[in-house]
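Please open the model in your viewer and keep the sequence panel beside it, since this tour moves from one selection to the next and says what is there at each stop.

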Amino acid sequence: MLRESQHHHKMTGNNIVKAVYTEQLLPEYQKNPLIEALPPILSEEQVIQYCSAFPSYEEKERELDSSYRFHCVQRLFQYFQPFEIHIDLEQRVSRSIRQGYVSRNPFDISQVKWIHESYRGLKEGYLLEEYGTSVKRTATGFTMIGFSGIGKTSALEKILSLYPQLIQHNSYKEEVFHLLQISWLKLDCPFDGSIKGLCISFFSEIDNLLGTNYFSKYKSRGNTVDALLQHMIHLANFHAIGLLIIDEIQHLNLSKSGGSEKMLNFFVTLVNTIGIPVIMVGTNKAVSILQSQFRQARRGSGQGDIVWNQLPKDTTWDLFIEGMWDYQWTRTFTPLTEQISNAIYEESQGIIDIAIKLFMIVQLRAISSGVENITLGALKNVAKENLKLVRPMLKALKSGNPSEIAKYEDIQPIDIEEQVERYRASIDVHEKVRLQKKLQESKRLANQNSLLEEITLFLLSLETEAEKANRIANKIVKKYGEEISIAEAKKEAVKLLWLKQNKAEVPSISKEQSNVNKESILCSLADVARKKKISVYEQLVQNGYIKVAIGPAQ
């Protein structure tokens with residue numbers, strides 16, 4: 001079976017998988033290539049396994065310099081712990097995408113007929129108001145409402161990632177079948193809040209995926225919302241779009257969209273007429289858009305709403321906080337206590353985004369200040385400094401009073417970048433100080449090595465055994481370090497050499513003992529002078545025993 005030509009699309013680098021067909025257990029899913037090409041239906045255990053995201057972590061990373069640990073803390077953005085609501089969401093998505101494809105089997109003659117009629121209608125300038133009675137639509141959708149930062153969008157994107165977005169079909173059951181299937185398409189509502197803008201973003205997103213030019217073709221001001229919707233219907237079927245997700249629906253504007261009745265009709269058309277399931281995601285501000293009439297209109301085919309509020313203070317919270325708490329990059333690991341868990345919940349009120357960012361900021365603060373551990377007081381101070389804008393909303397959530405909560409349409413997210421930059425500057429300063437210390441330490445060690453080398457070479461010139469010379473030199477450097485001059489060090493070396501030869505105790509270089517065995521030392525230096533064929537006087541000058549006055553002759 002050959003559909004309308006799709007081989008002229010220029011791919012934009014998106015991952016395309018080649019269709020692999022899996023026999024379906026349920027009869028309504030059988031003999032449908034769009035469903036058979038999807039990944040298998042997952043069990044709850046598989047959902048947890050595939051959705052969990054635990055960033056890499058090694059204890060030895062806590063010993064890294066501050067600047068490196070600063071980067072490590074950013075990994076907390078990757079942390080994802082699935083809960084019961086994520087399993088529910090995955091199952092809803094799984095049902096929606098498959099149910100939507102049931103009545104859109106490309107090998108169903110009525111479906112093929114509709115696609116050709118739709119295309120002809122667009123070419124000849126008339127709109128098809130209905131699909132016809134021969135095609136019974138099975139699309140179901142649902143709405144997900146909740147505070148921003150609670151994890152709605154990240155959870156949905158994590159689940160959508162289980163489905164390859166583009167699936168290439170070439171043949172099915174030994175029959176030619178060219179189709180590039182879009183298993184899901186996600187749109188963000190435009191900030192101008194218009195339905196026409198939402199339609200235009202539909203074409204733009206397809207262009208981004210396939211390299212087509214629908215946006216430039218349909219963005220004309222002359223196109224009405226109804227005309228744009230007809231193009232959307234055609235493309236949704238032509239590209240076999242399995243699921244349409246509309247995020248940030250709180251941006252939709254009732255007045256710009258022609259009033260609540262027109263918006264209601266548009267959404268009902270999306271769900272029931274376009275023929276693909278639609279998931280709408282928004283914050284509490286969107287509740288005014290999703291009126292009771294709209295809920296009633298789709299109740300017969302939809303799966304109901306998901307109200308995604310803050311995590312309750314129960315085992316779900318414990319699971320989340322215990323998983324997150326392992327990711328500490330302070331020098332000292334702080335064990336999780338009930339008091340700390342309660343404090344984070346108190347300050348975040350179960351809003352995941354706030355809880356994670358608080359944990360990140362308190363670590364950045366501990367690392368940059370050099371305190372290097374997490375305390376209850378530090379957590380409360382960070383919350384006090386960084387949650388000023390959201391504190392009224394958090395207070396309302398804590399009260400549990402619906403009328404108080406209703407006063408706030410949304411929760412403003414914490415600007416983590418501002419905090420990152422703040423502590424980055426502090427960390428950079430500390431790193432520069434630490435670098436300077438390292439440079440000074442390196443210089444000190446270099447000086448010590450130079451002194452060690454000088455003493456060793458001097459002892460070797462006295463025909464001392466190499467091992468003994470090295471041992472005496474190390475002893476002097478360890479004892480005096482940089483506090484001794486080379487001349488004094490050589491004197492001490494001769495004393496130690498003589499004492500070792502005579503098995504005596506090691507003396508210090510104090511003035512009281514400066515005349516110990518001078519005669520023996522002078523004899524040793526005299527022997528060296530004779531071997532070097534220089535005068536004893538010269539040898540004594542070289543070794544610092546005689547200071548030569550510099551200046552005009554008296």
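Where is the place of Ile351? Select Ile351 to begin, and you will find it in the loop between helix H13 (338-348) and H14. The model you are looking at is a predicted one, and in it Ile351 counts as buried, at 0% relative accessibility. If you add Pro312 to the selection, the C-alpha atoms of Ile351 and Pro312 are 9.6 Å apart in space, although the two residues are 39 apart in sequence.

Stay in this loop and select Gln349, which is found between H13 and H14 as well. Gln349 is not a glycine, yet it has a positive phi of about 55°, and at 6% relative accessibility it counts as buried. For a second residue of this kind, move to Glu174, in the loop between strand E3 (166-172) and strand E4 (175-182). Glu174 has a positive phi of about 65°, again without being a glycine, but here the residue is exposed, with a relative accessible area of 86%. As background, most residues other than glycine have a negative phi.

**The whole chain**

Zoom out before going further. The protein has 554 residues, of which 47% count as buried, and its secondary structure comprises 22 helices and 8 strands. Its exposed surface is about 28,800 Å², with 52% of that supplied by carbon and sulfur atoms. Taking the contacts between residues at least 6 apart in sequence, 75% join residues that are at least 24 apart.

**The nonpolar cores**

Next, select Leu76, Leu89, Val93 and Phe320, which touch the most other members of the largest nonpolar core, a set of 76 residues. Helix H14 (residues 352-369) contributes the largest share of this core, 11 residues. A second, separate core has 37 residues, including Leu166, Ile200, Phe203 and Val278. In soluble globular proteins, nonpolar side chains tend to be buried together.

To see the surroundings of one core residue, centre on Leu89 and display what it touches: leaving aside residues up to four places away in sequence, these are Phe142, Met144, Ala155, Leu156, Ile159, Ile306 and Trp308. Phe142 is worth keeping on screen, as Arg92 lies over the face of its ring, at 5.4 Å from the ring centre. For another charge placed over a ring, select Lys158 and Phe80, where the charged end of the lysine sits 5.3 Å from the centre of the phenylalanine ring.

**The aromatic rings**

How many aromatic pairs does the structure hold? There are 16 of them, and the one to select now is formed by Phe83 and Phe320, an edge-to-face pair with 6.5 Å from centre to centre and 75° between the planes. Phe83 lies in the loop between helix H3 (66-73) and helix H4 (84-102), whereas Phe320 belongs to helix H12 (residues 315-325), so the pair ties together parts that are 237 residues apart in sequence. Both Phe83 and Phe320 are buried. Extend the selection to Phe54, Tyr57, Tyr79, Trp317, Tyr327, Trp329 and Tyr345, and you will have the cluster that ring pairs link together with Phe83 and Phe320.

**Two helices seen end-on**

Now turn to H3 and colour its buried residues, Ser66, Arg69, Phe70, Cys72 and Val73. Looking down the axis of H3, you will see these buried residues fall within an arc of 160°, so they line one face of the helix. On the other side of H3, Tyr68 and His71 are exposed.

Repeat the view for helix H15 (residues 376-386), where the buried residues to colour are Ala378, Leu379, Val382, Ala383 and Asn386. They cover an arc of only 135° around the axis, which puts them on the same side of H15.

From Ala378, the last step is to Ile361: the two are 17 residues apart in sequence, and their C-alpha atoms are 9.9 Å apart in space. Ile361 has its place in helix H14, and it is buried, with a relative accessible area of 0%. The tour thus ends in H14, the helix that supplies the largest share of the largest nonpolar core.

How values were computed
Residues are numbered from 1 along each chain as its sequence is written. This is a predicted model: local features need pLDDT of at least 70, side-chain atom pairs count only at pLDDT 80 or more; totals for chains, interfaces and linings use all residues. Side-chain values use heavy atoms; hydrogens and water are left out. Rings of Phe, Tyr and Trp (its six-membered ring) pair if their centres lie within 6.5 Å; planes under 30 degrees apart count as stacked, over 60 as edge-to-face and the rest as tilted. Helices (H or I, at least four residues) and strands (E, at least two) are DSSP runs, numbered from the N terminus. Buried means under 20% relative accessible area, exposed over 50%, partly exposed in between (1.4 Å probe, protein chains only). A charge sits over a ring if NZ of Lys or CZ of Arg is within 6 Å of the ring centre and within 35 degrees of the ring normal. Contact means heavy atoms within 4.5 Å. Accessible areas come from the Shrake-Rupley method with a 1.4 Å probe; for residues, only the protein chains shown count as cover. A nonpolar core is a set of buried Ala, Val, Leu, Ile, Met, Phe, Trp, Tyr and Cys residues joined through side-chain atoms within 4.5 Å. The arc is that of the directions from the helix axis to the C-beta atoms.
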